[in-house]
Every structure is written in structure tokens, then in C-alpha cells.
Amino acid sequence: AVTYALVAAVVVRMILVPVGPLATVPVGWRVGFCAISLLVMVVGVRRRPALALLSGTLLMLVYGMAKH
């Protein structure tokens, strides 16, 4: 439970107060990517936060590559 709380706190901070390259991504996209990652975790057979974090990271990378 503590791990989920810490990951949630970091994710919320990254969405609301981004730094570096993440600050260039519009907040709507960041929230959308977070929602998709949450769906990946909830819909999966086993609720694996690592898979959700990986999907969110990949979505951000694809967005960054598509933008440039």
C-alpha cells in the first residue's frame, strides 16, 4: 500500500508541476496518458503497476517523437 501511495504522489506531482521536457507536454495530454496507464493496470489480469508505468512512459516517448 505504501508503494502505491508513493508512486501516486510522484505521478500527481509530475502531472501538476512538471519540470524539464515534461513541462512542454500540455496538461491534457499528461492527464490522458495517466488515465490510459491506469486503465492498463486495472484491466490487466494481474494488477501490475510496473506495466502501467511502462505504458505511460512509452506513451510520453511516442508523443515526444511525434512532436519533433
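A helix here is a DSSP run of type H or I, at least four residues long, and helices are numbered from the N terminus. I keep in mind throughout that the model is predicted.

Entry 1, a surface patch. I looked up L51 and found it in helix α3, which covers residues 49-67. I then asked how exposed L51 is. L51 has 47% relative accessibility, so it counts as partly exposed. Partly exposed lies between the 20% limit for buried and the 50% limit for exposed. I also noted that L51 belongs to a nonpolar surface patch, together with L54, L58, L61 and M65. I wrote down about 510 Å² for the area of this patch.

Entry 2, the largest pocket. I looked up its volume, which is about 790 Å³. I counted 28 residues in its lining, and those closest to the centre are V11, M14, C34, S37 and G56. Which elements give two or more residues to this lining? I listed α1 (2-16), α2 (27-43) and α3. Helix α3 gives the most, with 10 residues. I sorted the lining by residue type and got 20 nonpolar, six polar and two charged.

Entry 3, C34. I went back to C34, one of the residues closest to the centre of the largest pocket. C34 sits in helix α2. Its relative accessible area is 23%, so I put C34 down as partly exposed. I then took the C-alpha distance from C34 to G20: the two are 18 Å apart in space and 14 residues apart in sequence.

Entry 4, V31. I found V31 in helix α2 as well. Its relative accessibility is 44%, and therefore I noted V31 as partly exposed. I paired V31 with G64, which is 33 residues away in sequence. The C-alpha atoms of V31 and G64 are 15 Å apart.

Entry 5, S55. I looked for S55 and found it in helix α3. Is S55 buried or exposed? I noted S55 as buried, because its relative accessibility is 16% and buried means under 20%. From S55 I went to L38, 17 residues away along the chain, and the separation of their C-alpha atoms is 9.4 Å.

Entry 6, P21. I looked outside the helices and found P21 in the loop between α1 and α2. P21 has 67% relative accessibility, so it counts as exposed; the cut-off for exposed is over 50%. I also checked P21 against R46, 25 residues away along the chain. Their C-alpha atoms are separated by 32 Å.

Entry 7, recap. For later reference, I have L51 in helix α3 and S55 in helix α3. I have V31 in helix α2 and C34 in helix α2. P21 is down as a loop residue.

Note on methods
Residues numbered from 1 in each chain as written. Predicted model: local features only at pLDDT ≥ 70, side-chain atom pairs only at ≥ 80, totals over all residues. Heavy atoms only, no water. Patch = residues over 30% accessible without salt bridge, like charges linked within 9 Å, V, L, I, M, F, W, Y side chains within 5 Å. Areas by Shrake-Rupley, 256 points an atom, 1.4 Å probe, with all protein chains shown as cover. Salt bridge = Lys/Arg side-chain N within 4 Å of Asp/Glu carboxyl O. Buried < 20%, exposed > 50% of the residue type's maximum accessible area, 1.4 Å probe, protein only. 1 Å grid on protein atoms, 1.4 Å probe; cavity = no way out; pocket = protein on both sides within 12 Å on 5 of 7 lines; lining within 4 Å. Points joined across faces, edges and corners; volume = space filled by probe spheres on them. Nonpolar A, V, L, I, M, F, W, Y, C, P; charged D, E, K, R; others polar.
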